[in-house]
Amino acid sequence: MLIGELSRRAGVSERLLRYYEGMELIHSERRANGYREYDDQTVETLRRIRALLAAGLPTRVIHQVLPCTFDEATLRPCPGVLTSLRDRLNVLDQRAADLETARRLLRRTIAATENAAN
């Protein structure tokens, strides 16, 4: 299928499809006229990519993890994948902790400001 049809079927912009191809997450064959042609499996691959993105993984990690997926949320054991996923989880945990600290400070600032205004 051509890029426009893939875009419609997968609900992903053509620009994003080109980006994914540049990141080597999806692949196409080139027709003689230079048009990209994708196989039907690419739609499923895009579903997996979108699920992994929704889980908070950056495309560089998805590049490593994608060959190990066999549905939207299941991975089979592959070298290094579990380590990459744990590393990413640690990053997300640290971000969550940083956000919680910022929320606490903001609440204190608001409370102090309200008390000073009274």
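Colleague: Which helix is included in what covers the buried residues of α5?
Modeller: This is a predicted model, where local features need pLDDT of at least 70, side-chain atom pairs count only at pLDDT 80 or more, and totals for chains, interfaces and linings use all residues. Residues are numbered from 1 along each chain as its sequence is written, and side-chain values use heavy atoms, with hydrogens and water left out. Buried (under 20% relative accessible area, 1.4 Å probe, protein chains only) fits V81, S84 and R88 in α5. What covers them, by contact (heavy atoms within 4.5 Å), includes α4.

Colleague: Which helix gives the largest share of the largest nonpolar core?
Modeller: That kind of core is a set of buried Ala, Val, Leu, Ile, Met, Phe, Trp, Tyr and Cys residues joined through side-chain atoms within 4.5 Å. At least two of its residues come from each of α1, α2, α3 and α4, helices being DSSP runs (H or I, at least four residues) numbered from the N terminus. The largest share, four residues, belongs to α3.

Colleague: Is α2 roughly parallel or roughly perpendicular to α3?
Modeller: Their axes, lines fitted to C-alpha atoms over the stretch in contact, with angles from 0 to 180 degrees between N-to-C directions, come within 13 Å and cross at roughly 85°. Since 65 to 115 degrees counts as such, α2 and α3 are roughly perpendicular.

Colleague: Which α3 residues do L16, L17 and Y20 meet?
Modeller: Y20 has a foot in this, as its contacts beyond four places in sequence include L46 and I49. Together, the three α2 residues meet L46, I49, R50 and L53.

Definitions and conventions
Parallel < 35°, antiparallel > 145°, perpendicular 65-115°, else oblique. Buried < 20%, exposed > 50% of the residue type's maximum accessible area, 1.4 Å probe, protein only.
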